[in-house]
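Work through the exercises below with the sequence and the model side by side. Each task is followed by its solution.

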Amino acid sequence: MQTVLLFVLLSSILLSGCSQTTISEPAQAPAPVSTPTSSKSSDEWTIGMKHSGGIMGLSRSIEVSSDGKFTVTDNRSSKTVTGKLTADDLSKLNELLMSIDNHSTGKPNGMVCADCFVYDLEIRRDVERIAIQLSDISLPNSGYESLIDQLRGLMDTALK
């Protein structure tokens, strides 16, 4: 009997680390923080993203400005790379920023994953600021997936 109980206990512990757990959500889903204080539009922007989590404990960040200058940091290896984007990469980021202009995240599905990646994204345009946190679970339907994929690709390339 003790062996059976021990087996059941160990099995449930192992399986709980990989399963998704439903958590209760507030009545209103959090939306991206957007604080426009001017109707004047500009082509200047800055994007910052922290990419963390996963089974390996990834901890990276990228900061890109509208002039193409970027800084990528891998906190685990203490490596920082600075540079300037190609015209194609900069154009792609501009397109992606325009495509998410009116996106909101919608309601999160309330799932938590122990080994998911987390993306803390901040977009600043003049006095407007959008800040949002997404995970592998909430990313696909957020409207930000293409932008985050592009930023991850830029990080991977810079840190090679």
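The model is predicted.

**Exercise 1.** Decide whether Ser99 counts as buried, partly exposed or exposed.

Solution. Step one: the relative accessibility of Ser99 is 44%. Step two: buried means under 20% and exposed means over 50%, with partly exposed in between. Step three: Ser99 is therefore partly exposed, because its relative accessibility is 44%.

**Exercise 2.** Describe the surroundings of Ser99.

Solution. Begin with the element: Ser99 belongs to helix α2, residues 87–99. Next, take its side chain, which has a polar atom 2.8 Å from the backbone oxygen of Leu96. Then look further along the chain: Ser146 is 47 residues away from Ser99 in sequence, while their C-alpha atoms are 9.5 Å apart.

**Exercise 3.** Find which strands pair with β8, and in what sense.

Solution. Start with β3 (residues 45–53), which is antiparallel to β8 (residues 117–125) and shares nine bridges with that strand. In this pairing, Met49 is opposite Leu121 of β8. Then turn to β9 (residues 128–135), also antiparallel to β8 and joined to it by eight bridges. Here Ile123 faces Ile130 of β9. Finally, examine the link: two residues separate β8 and β9 in a hairpin, and Asp126 in the turn has a positive phi of about 50 degrees.

**Exercise 4.** What lies over the face of Phe117, and how many aromatic pairs does the structure hold?

Solution. First, look above the ring: Arg152 lies over the face of Phe117, 5.4 Å from the ring centre. Second, count the aromatic pairs: the structure has zero.

Definitions and conventions: Residues are numbered from 1 along each chain as its sequence is written. This is a predicted model: local features need pLDDT of at least 70, side-chain atom pairs count only at pLDDT 80 or more; totals for chains, interfaces and linings use all residues. Side-chain values use heavy atoms; hydrogens and water are left out. Rings of Phe, Tyr and Trp (its six-membered ring) pair if their centres lie within 6.5 Å; planes under 30 degrees apart count as stacked, over 60 as edge-to-face and the rest as tilted. A charge sits over a ring if NZ of Lys or CZ of Arg is within 6 Å of the ring centre and within 35 degrees of the ring normal. Two strands pair if DSSP finds at least two bridges between them. Helices (H or I, at least four residues) and strands (E, at least two) are DSSP runs, numbered from the N terminus. Buried means under 20% relative accessible area, exposed over 50%, partly exposed in between (1.4 Å probe, protein chains only). A polar contact is a pair of N or O atoms within 3.5 Å; within protein, one must be able to donate a hydrogen and the other to accept it, and residues adjacent in sequence count only if both atoms are side-chain atoms.
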